[in-house]
Amino acid sequence: MTSPTIESVLHEERLFNPPAAFSQQAHIKSLEEYEQLYAHAKADPQKFWADLATKELHWFEKWHTVLEWQPPFAKWFLGGKLNISYNCLDRHLSTWRKNKAALIWEGEPGDSRTLTYAQLHREVCQFANVLKQLGVQKGDVVGIYMPMIPEAAIAMLACARIGAAHTVVFGGFSAEALRDRLNDGQAKLVVTADGGWRKDAIVPLKEQVDKALADGAVPTVQNVLVVQRTQQPIAMAAGRDHWWHDCRTSVAADCPAEPMDSEDLLFILYTSGSTGKPKGVVHTTGGYNLYTHMTTKWVFDVQDTDVYWCTADVGWITGHSYIVYGPLSNGATVLMYEGAPRASKPGCFWEVIEKYGVTIFYTAPTAIRAFIKMGDHLPKAHDLSSLRLLGTVGEPINPEAWMWYYRVIGGERCPIVDTWWQTETGGIMITPLPGAIATKPGSATRPFPGILADVVDLEGNPVQTNEGGYLVIKHPWPSMLRTVYGDPDRFRRSYWEHIPPVNGRYFYFTGDGARRDEDGYYWVMGRVDDVISVSGHRLGTMEIESALVSHPAVAEAAVVGRPDELKGEEVVAFVTLEETASPSEALVKELKQHVVNEIGAIARPGEIHFSDALPKTRSGKIMRRLLRSLAAGQEVSGDTSTLEDRSVLDKLREDT
Ligand code: WTA
């Protein structure tokens, strides 16, 4: 782990107050209101969350205990019974929202669909009945490997409805990555599509599923349910593979939501850690439902007149919490888009905003940087006046990108919510509430009510104002990950042991460095562990190294991130070869493709350097800090005295 530096102390003087007109109609209208909520929540977190749970969610049965905290294991709303699909669908049907648009979907080739709450409810019920018919039961795990089509959300809600847990695997992951995740989660069924549109091409999703399951590689999977999207010919294995459009004709249009225990498993979502294989982050029902509901309501300030668009893929936590569960639980109108900006359709996001009158737009800094590069003429060619709130997530946003977003997209009218959170936190943790908190470009501002954040050193002592340290959370919150699936020891090691408990108080370790300024605003500086962020996607250096080493030509590999203007970071690999192999351009290509096959295109190294040896400490640890400097083209500074063999470094310096 590197220690967080304070080099990024930028003196940001610009302050943007919430526009008065925005505050007046917002759910949280002023700084005083935020501070009151924050103080209440801090004084009595259990009462704070219990009051909201009573007011904002439907429960089949009330809980008997709000929180059981046996560090590091938390349980919320014990004994409570609810169903998140009921909260997202059924409860809106008895109101005027029954015929309100729940999902507006724009397909890549220009097709579109709108589903009202009543229609979405019917689709989900049928899907749930098909899952049941194919033998899925409460407690089973279902893999979802889908393009960005309504059925991705429908499948998730259908699982939740019958008490099956889903594990969504991003459609850009390779067959190998899919296989590992299905095996780790012991999935019983996989939901997929014949194909999906990714930019200008069709991704053969079903073919990848076939590869992942070939030769009984995932013995638990009994059935594959296939949604027709792109209509290219695909192989259907008799007995195992079923078309959704065939199956649905023989099931009932209603399926009552199963009352679930508050702590029943809702989903597993795999994410990269600093070591080894991806971690299955476990989220449960009640706390997750409440927290994503409240953050959607207060951070995005959703109102019934809004058209809300989050550009994430449902394969990531942002898609889970802020395309599907949070917004639908609030009865919002959610826009879902299958496409992405690229050379052939550079203005497509602005077209979509204009076409549907999008009011709330939530995207990632990597996308914003790409938009800046594509030029102001694209957004300026569209009417973006419907927008009233902008959001960002995924990595620190640089103040100039923030300013561009504010000026060119928001017309200097829209507040920006820079939301800091993680797969593990389930929902947004540090963020402005747009009607209440003044923003500073580049800062995620202040913690959400109920979130006790701090910046500490490795002993858990708070650091000084404006001093860099480790970002931690000091009290459990409802949507906190419950464990790492099947590996509670890894849960402990990854999140609770880097910083020891102080006076019996446990700190959740985020893996991010941060500082807090004189106004109590947080400035998140990025990862302090061996996780790199490529276009906002988390990749573990170990995963990529393992992928490289699995190639017969590779003896050893070290992977680091190099700052990149567009992607945030770029993967740079240093590789030593087996005796039998020799460096060549062809091998570089082959190794890059090998990583794509093993993990997926997001992990493709931008550069591969061959070397006779890697710089190591005397105890045999690869000195990544040195490699990071080399990759970034910087002078290697700092202490190199622990280096076992200095000539390795000199040689590398010549070669890179
Ligand atoms: C980074 C995505 C700065 C951070 C929801 C975190 C951010 C990791 C921000 C989690 C932000 C996310 N400012 N950094 N607003 N949002 N991050 O699990 O390093 O894919 O730990 O969850 O992204 O990534 P994950």
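**A walk through the predicted fold**

Thr 431 sits in the loop that runs between β20 (416–418) and β21 (453–456). The model examined here is a predicted one. Being in a loop doesn't put Thr 431 on the outside: its relative accessible area is 1%, so it counts as buried. Leaving aside residues up to four places away in sequence, Thr 431 touches Val 299, Val 417, Asp 418, Thr 419, Ile 437, Ala 444, Thr 445, Arg 446 and Phe 448.

One of those neighbours, Thr 445, is worth a closer look. Thr 445 also lies in the loop between β20 and β21, and its relative accessibility is 0%, so it is buried too. Its phi is positive, about 65°, even though Thr 445 is not a glycine. Gln 231 is another non-glycine residue with a positive phi, in this case near 65°. Gln 231 is found in the loop between β11 (223–227) and β12 (241–243). With a relative accessible area of 57%, Gln 231 counts as exposed.

The backbone has another feature to point out at Pro 71 and Pro 72, which are joined by a cis peptide bond with omega at about 0°. Pro 72 belongs to the loop between β1 (65–70) and β2 (73–78).

What about the cysteines? A disulfide is a covalent bond between the sulfur atoms of two cysteines. The count of disulfides here is zero. For Cys 255, the closest cysteine sulfur is that of Cys 125, and the 5.6 Å between them is too far for a bond, given that a disulfide needs the sulfur atoms within 2.5 Å. Cys 88 also has its closest cysteine sulfur in Cys 125, but 13 Å away, so no bond can be counted there either. Cys 88 is buried at 0% relative accessibility, and Cys 255 is buried as well, at 1%.

Zooming out, the protein has 20 helices and 29 strands. Its radius of gyration is 24 Å, which agrees with the value near 26 Å expected for a compact globule of 656 residues. The C-alpha trace spans about 75 × 65 × 55 Å along the principal axes. Of the 656 residues, 62% count as buried. Among contacts with a separation of 6 or more, 71% link residues 24 or more positions apart.

As for the surface, about 24,400 Å² is exposed, with carbon and sulfur atoms supplying 49% of it. The protein carries 65 positive and 81 negative side chains, and the centres of these two sets lie 4 Å apart.

Key:
Residues are numbered from 1 along each chain as its sequence is written. This is a predicted model: local features need pLDDT of at least 70, side-chain atom pairs count only at pLDDT 80 or more; totals for chains, interfaces and linings use all residues. Side-chain values use heavy atoms; hydrogens and water are left out. Helices (H or I, at least four residues) and strands (E, at least two) are DSSP runs, numbered from the N terminus. The radius of gyration is taken over C-alpha atoms; the globule rule is 2.2 Å times the number of residues to the power 0.38. Buried means under 20% relative accessible area, exposed over 50%, partly exposed in between (1.4 Å probe, protein chains only). Contact means heavy atoms within 4.5 Å. Accessible areas come from the Shrake-Rupley method with a 1.4 Å probe; for residues, only the protein chains shown count as cover. Lys and Arg count as positive and Asp and Glu as negative; His and the chain ends are not counted. The place of a charge is taken as NZ of Lys, CZ of Arg, CG of Asp or CD of Glu.
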